[in-house]
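Subject: Structure handover

Hi,

Here is the structure I promised to pass on. Have a look at it first, and then read my notes underneath.

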Amino acid sequence: MSFFKHPFVKQLGSSFLDLAPILAVVIVFQIWVIKQPIPDLGNLIMGTVFVVLGLTLFIQGLELGLFPIGESMAYAFAKKGSVAWLLTFAFCLGFGTTVAEPALIAVANEAANIAAKGKLISADLQAKAGYAMGLRLSVALSVGFAIMVGVLRIIKGWPLHYLIICGYAAVLIITPFAPKEIIGIAYDSGGVTTSTITVPLVTALGIGLATAIKGRNPMIDGFGLIAFASLTPIVFVMAYGILR
Amino acid sequence: MTEWFYNFLTVIWTTCTDVLPIAAIIIGFQLLVIRKPLPHPTKTALGFFYVLIGIAFFFRRVEYGAISAR
């Protein structure tokens, strides 16, 4: 096999092509708009090498490990025929991938700082940590709930848009009652949660289930878990703001 | 050099703690509920390892690069 046909080398090349537009934007702005030489060229080149290598390894790892295991577990659960265990697994997967999500931790801490400055909560460390933890738990619960309901939808064959319409209706109904300060955080939290590992794992679970269950089409029923998981945090975080 | 190595270890460790809960859930359900050995254990472990290193390189480097580009 020639060097350039090796799958890893091919993947390296395609990772580099994926990143080339970003690199081009940085370089063009640096030269024509900021009109200064790139501050640390060696660092930029090293960084680019690491990023290309990282992206390549990540994608290879997904194809080798996460996609197959998500699908094989979906098959195993479908064969076992226990809906209760499948729903428990779906909830745990949603909750577990979200509660440790670094982006969510960062956003929750920032929100706690802002809330303390705005005199919503007292400024001591304990109050801030409690507020941030409350936010994280509401988001994690909401994603667990969303994956669970989404899996139930695949089993029952409900059309996806009913769930999405109901979800946004809930958002519209609850927004006027939520404290003003939390609305922005709530609307943003949906995007924060659908992370690097959650998305491929949950997608593999959905497609695996839709393939394994008779009468379901993976193209029609397999997707949509992520859409619902980025909607429910809006409702749950606003509810947290009201109940707190 | 030692500082670089220390930073590298910290990055790997943070990434491990991010991925650990997910690995725990998958392994727990596989062993306790499905009760069948993994179909391709070595391949899966290798995949997880790649993902771990990939995240460490990609995302931490992006943070670092974005900060230094400012």
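To start you off: is A:S142 buried or exposed? A:S142 is buried, with a relative accessible area of 0%. That counts as buried because the cut-off is under 20% relative accessible area. Before I go on, please keep in mind that this is a predicted model.

A bit more on that serine. A:S142 sits in helix α5 of chain A, and its side chain reaches the backbone oxygen of A:V139 at 2.6 Å. If you skip its neighbours within four places in sequence, A:S142 is in contact with A:T232, A:P233 and A:F236.

Now the general layout, beginning with chain A. You'll find eleven helices there and zero strands, so to speak a plain run of α elements from the N terminus on. The C-alpha atoms of chain A fill a box of roughly 55 × 55 × 30 Å along the principal axes. Of its 244 residues, 43% count as buried. As for contacts in chain A between residues at least 6 apart in sequence, 78% of them join residues at least 24 apart.

On the outside, chain A exposes about 12600 Å², and carbon and sulfur atoms supply 72% of that. Its charged side chains come to 15 positive and 10 negative, with the centres of the two sets 8 Å apart.

Chain B has two helices and zero strands. Of its 70 residues, 36% count as buried. Chain B exposes about 4700 Å², with 73% supplied by carbon and sulfur atoms.

Next, the inside. The largest nonpolar core has 66 residues, and A:I147 and A:V151 touch the most other members. Which helix gives the most to this core? It's helix α5 of chain A (residues 125-156), with ten residues. Apart from this core lies another one, of six residues, among them A:L57 from chain A and B:I12, B:I53 and B:A56 from chain B.

A:V151 is a good place to zoom in. Leaving out its neighbours within four places in sequence, A:V151 is in contact with A:L86, A:L87, A:A90, A:L205, A:L209 and A:L225. One of these contacts, A:L87, lies in helix α3 (residues 83-99) of chain A. A:L87 has 17% relative accessibility and therefore counts as buried. Not counting residues up to four places away in sequence, A:L87 touches A:M148, A:V151 and A:L152. For a sense of distance, A:L87 and A:G215 are 128 residues apart in sequence, and their C-alpha atoms are 20 Å apart in space.

Two loop residues in chain A also deserve a click. The first on my list is A:T175, found in the loop between α6 (160-174) and α7 (180-193). Why does A:T175 count as buried? Its relative accessible area is 18%, and buried means under 20%. The side chain of A:T175 is joined to that of A:Y187 by a polar contact of 2.9 Å. Setting aside neighbours within four places in sequence, A:T175 is in contact with A:I183, A:Y187 and A:M238.

The other is A:E101, in the loop between α3 and α4 (102-117) of chain A. A:E101 is buried too, with a relative accessible area of 9%. How far apart are A:E101 and A:T193 in space? Their C-alpha atoms are 7.0 Å apart, although the two residues are 92 apart in sequence.

Last, a residue in chain B. B:R35 lies in the loop between α1 (2-34) and α2 (41-69) of that chain. Its phi is positive, about 55 degrees, although B:R35 is not a glycine. Is B:R35 buried or exposed? B:R35 counts as exposed, because its relative accessibility is 67% and the cut-off for exposed is over 50%.

If you'd like a route through the model, try this:

- Go to helix α5 of chain A and look up A:S142, whose side chain reaches the backbone oxygen of A:V139.
- Move to A:V151 and pick out its contacts, including A:L205, A:L209 and A:L225.
- Visit the core of six residues, with A:L57 and B:I12 among its members.
- Finish at B:R35, in the loop between α1 and α2 of chain B.

Cheers

Key:
Residues numbered from 1 in each chain as written. Chains lettered and ligands numbered in written order. Predicted model: local features only at pLDDT ≥ 70, side-chain atom pairs only at ≥ 80, totals over all residues. Heavy atoms only, no water. Core = buried A, V, L, I, M, F, W, Y, C linked by side-chain atoms within 4.5 Å. Buried < 20%, exposed > 50% of the residue type's maximum accessible area, 1.4 Å probe, protein only. Helix = DSSP H or I, 4+ residues; strand = E, 2+ residues; numbered from the N terminus. Contact = heavy atoms within 4.5 Å. Areas by Shrake-Rupley, 256 points an atom, 1.4 Å probe, with all protein chains shown as cover. Lys, Arg positive; Asp, Glu negative; His and termini not counted. Charge placed at Lys NZ, Arg CZ, Asp CG, Glu CD. Polar contact = N/O pair within 3.5 Å; in protein donor to acceptor, adjacent residues only side chain to side chain.
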